Amino acid sequence: MQALRDVGLALGSTLDLDQLLALILNKITELLDADRATLYLLDEQRQRLFSRIIIGEEARAIELPVGAGIAGHVAKVGRTVRVKDAYRDRRFQRDWDEVTGYRTRSILAAPMKNHVGRTIGVIQVLNKHGEGEFSVHDEELLSALATQAAVSIDNSRLFLSVIQKNTQLVETKEQLEHRVSDLKLLFELESAMGRATTMEDLARAVITEAGRACEARAGGMLVDEIEGGLVLYFFDFTALEDGSQPRSSAPDEEPEGVVGAVPRRPAVKRIAMRRGEGVVGRAMVHNEAVFYSIDGAGDELGDMVSPRLAQLLGADLRTAIAVPLEGEDAVPIGAMALYNSRKPHGFSKDDRALLRLVSANASTALRLFRSRLEREQSERLTTIGRLLSGVMHDVRTPLTVISGYVQLMASAPDAATREDHARLILKQFDVISAMQREVLEFARGERSILVRKVYLTKFFGDIEKQLEHELAGTGVRLSLELEDRGTARFDEAKMTRLLHNLVRNAVEAMRPGGGTVTIRAYRDGGDLAVSVADTGKGIPKEVQGRLFQSFVTSGKRGGTGLGLAIVKKIVDEHAGTIAVESSSKGAKFTVRLPQESAPSRSPAAAEGQPQLASTDGSPAPKPGVEAGPVVREAIPRRRPAGSAPPVNERGRRSSSNGSDA
């Protein structure tokens with residue numbers, strides 16, 4: 001009982017399997033007064049027993065199949081075996097005796113069964129001292145010790161399994177933490193890159209996040225800007241060595257350049273680079289990751305360390321890692337690099353793997369950024385082309401008028417008539433100049449307006465003459481209804497452009513059969529109202545809601561979609577309104593220009609448009625005296641060169657001042 005208690009205490013003192021096996025053998029050898037003892041463990045999958053013995057100073061492994069030898073027989077049958085003379089027992093194998101020179105006489109072998117009765121091994125004791133044979137008492141004692149040893153071995157295995165599982169859990173936890181950290185980095189990187197509006201912002205977002213994650217003192221992003229060549233955006237993080245980290249997620253929270261303030265964003269240096277220069281240049285040229293260390297642990301770079309970049313670092317280049325940024329078809333479009341690790345042992349393998357991860361996302365962002373710049377440039381060129389197309393389209397009107405008057409001048413019989421035609425031709429050149437200014441203002445978003453008093457009879461008379469030439473041969477009849485022959489205040493040149501655009505749209509809407517376009521001018525309260533109506537098919541439903549947007553058109557020959565956008569801009573500049581009515585019988589545009597209230601009209605009343613006033617500061621004129629409506633109707637026809645100039649409704653030629661002769 002004392003022996004069992006001592007063995008139990010000894011077995012409970014350790015859970016290390018090797019120490020436990022040695023402890024069991026020592027105690028059993030001592031208690032049974034044996035020469036030596038061997039403990040075999042059972043491999044159930046292979047059905048073999050294995051153990052280790054020391055021969056001299058050499059450790060040898062013993063491996064037996066189940067059923068071979070005394071120990072193998074005990075493992076197979078699961079019962080204790082006592083042998084008085086080993087050499088007379090057929091189950092005994094003499095091989096190890098012959099190898100070691102040892103003489104085995106008596107043997108006692110007992111199975112080790114765990115708490116569920118399953119054999120997990122065999123304990124074999126050799127050569128009893130003194131008597132020379134193991135007794136029944138020895139057999140009982142060994143069976144008890146074997147059972148206790150089996151439980152201890154099972155516990156040890158269970159403990160080691162728990163330790164192993166815990167180790168695996170710790171490793172899995174660390175891997176998950178790395179993955180979460182990587183995902184957090186990628187999220188912050190994507191957020192920062194998504195806010196980038198310039199290449200510098202994109203480089204700052206990428207390098208700042210990579211430098212923070214890898215604990216670098218500096219970093220750079222090399223970009224092939226095609227027309228601009230190779231450019232390195234270099235960032236120095238040493239300004240943040242007080243412990244704070246660069247934050248690209250909120251770069252504008254604190255102003256830069258304030259005395260006493262800690263800068264949140266590292267300053268950028270934009271450096272023109274030569275192809276292959278420096279570590280970052282090598283990574284781009286060779287399309288491979290590059291690792292450099294001053295202690296020789298990195299790649300063989302030769303003279304690839306750039307003195308210029310080392311000077312920018314303000315210190316010797318000690319460590320660096322660089323990876324390429326891949327474009328289409330795996331052709332590098334740049335590279336990124338980190339310099340001088342803050343860690344004592346430099347950049348680790350994890351840092352290199354992390355930088356490759358960042359570079360994959362940065363490559364995608366850089367490709368998308370370059371595509372966006374190319375698309376914006378293409379759109380600007382397209383817009384300019386459309387704008388020029390609109391200018392050329394609108395210039396046709398004054399050129400047609402000029403052509404007509406030049407033909408009339410050639411056959412004019414007197415100097416006064418030629419002078420009158422020359423004046424009208426010069427006026428058309430003024431119209432062309434005004435168009436040029438207006439298109440430029442429209443493209444730039446500028447607003448300028450020259451409001452002055454205009455005599456409506458003269459203004460609409462000139463409009464009628466200009467439109468007669470433009471409508472000649474189109475099959476469209478112009479009807480002018482002038483219900484107000486007084487004065488009004490507006491920009492004469494811009495209103496001329498407005499009416500030409502509306503009439504031109506009306507003519508296009510009535511092709512090819514022709515029809516009637518009616519211009520009506522009248523007073524509506526304190527406003528001057530001008531309407532342009534046609535007898536076409538109306539406005540298509542698909543464009544009704546977008547009529548006044550730029551470049552919206554529907555089936556017009558040579559149309560650019562710019563005319564109505566400029567019409568809306570002119571109306572807004574006058575703080576007026578424009579209404580559209582459309583049906584299957586035609587369309588009508590009605591423009592209302594405020595007169596008495598125009599100088600004091602607020603921007604809010606004009607739907608956000610600027611307040612307008614006359615250029616001379618004088619108050620708005622009173623409406624002209626109503627003398628009954630005047631209806632003018634002109635049926636345009638193509639006139640040969642040398643024919644008489646246009647006449648008014650009384651059959652008289654117009655004088656040089658535009659009034660009735």
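Visitor: In strand E6, which residue is the bridge partner of Ala109?
Guide: This is a predicted model. Strand E6 covers residues 119-128 and runs antiparallel to E5, with 7 bridges joining the two. In E6, the residue bridged to Ala109 is Gln124.

Visitor: Which residue of strand E4 stands opposite Ala109?
Guide: E4 consists of residues 81-83 and pairs with E5 in the antiparallel sense over 3 bridges. Ala109 belongs to E5, and the residue standing opposite is Val81.

Visitor: Why is strand E5 described as largely enclosed by the rest of the structure?
Guide: In general, side chains of a regular strand alternate between the two faces of the sheet. Strand E5 spans residues 107-113, and it is largely enclosed because the number of its 7 residues that are buried is 6.

Visitor: Which residue in the hairpin of E5 and E6 takes a positive phi?
Guide: The hairpin has 5 residues between its strands. With a phi near 85°, the residue in question is Gly117.

Visitor: Is Asp138 buried or exposed?
Guide: Asp138 is found in helix H5, residues 136-194. Leaving aside neighbours within four places in sequence, Asp138 is in contact with Leu32, Leu108 and Lys128. The cut-off for burial is under 20% relative accessible area. Asp138 has 5% relative accessibility, so it counts as buried.

Visitor: How many residues of helix H14 are buried?
Guide: Helix H14 runs over residues 563-573 and is mostly covered. The buried residues include Leu564, Ile566 and Val567, and also Lys569, Asp572 and Glu573. Of the 11 residues in H14, the number buried is 10.

Visitor: Which residue just after H14 takes a positive phi?
Guide: The place to look is just after the end of helix H14. There, with a phi of about 60°, is Ala575.

Visitor: Which element gives the largest share of the largest nonpolar core?
Guide: In soluble globular proteins, nonpolar side chains tend to be buried together. The largest nonpolar core here has 40 residues, and those with the most contacts inside it are Phe460, Phe490, Leu498, Val517 and Ile519. The elements giving two or more residues to this core include H11, strand E16 (515-524), H14 and helix H12 (492-509). The largest share of this core is 7 residues, and it comes from H12.

Visitor: Which residues of those numbered 530 to 532 is Ile519 in contact with?
Guide: Neighbours within four places in sequence are left aside. Among the contacts of Ile519 are Phe460, Ile463 and Leu467, as well as Leu478 and Leu480. In the range asked about, the contacts are Val530, Ser531 and Val532.

Visitor: How many residues are in the other core?
Guide: This other core lies apart from the one just described. Met221, Val231, Tyr233 and Ile321 are among its residues, and its count is 35.

Visitor: Which helices each supply at least two residues of the lining of the second largest cavity?
Guide: A search of the whole structure finds 3 cavities of 30 Å³ or more, and the second largest has a volume of about 60 Å³. It is lined by Val401, Tyr405, Leu424, Lys427, Gln428, Asp462, Lys465 and Gln466. By class, the lining has 3 nonpolar, 2 polar and 3 charged residues. The helices that each supply at least two of the lining residues are H9 (349-411), H10 (415-444) and H11 (456-471).

Visitor: What percentage of the residues in the protein chain is buried?
Guide: The secondary structure of the chain comes to 14 helices and 20 strands. Out of 661 residues, the buried share is 45%.

Definitions and conventions
Residues are numbered from 1 along each chain as its sequence is written. This is a predicted model: local features need pLDDT of at least 70, side-chain atom pairs count only at pLDDT 80 or more; totals for chains, interfaces and linings use all residues. Side-chain values use heavy atoms; hydrogens and water are left out. Buried means under 20% relative accessible area, exposed over 50%, partly exposed in between (1.4 Å probe, protein chains only). Helices (H or I, at least four residues) and strands (E, at least two) are DSSP runs, numbered from the N terminus. Two strands pair if DSSP finds at least two bridges between them. On a 1 Å grid over the protein atoms alone, a cavity is a set of points where a 1.4 Å probe fits but cannot get out, and a pocket is an open set with protein on both sides within 12 Å along at least five of seven lines; lining residues have an atom within 4 Å of a point. Grid points are joined across faces, edges and corners, and a volume is the space filled by probe spheres set on the points. Ala, Val, Leu, Ile, Met, Phe, Trp, Tyr, Cys and Pro count as nonpolar, Asp, Glu, Lys and Arg as charged, and the others, Gly among them, as polar. A nonpolar core is a set of buried Ala, Val, Leu, Ile, Met, Phe, Trp, Tyr and Cys residues joined through side-chain atoms within 4.5 Å. Contact means heavy atoms within 4.5 Å.
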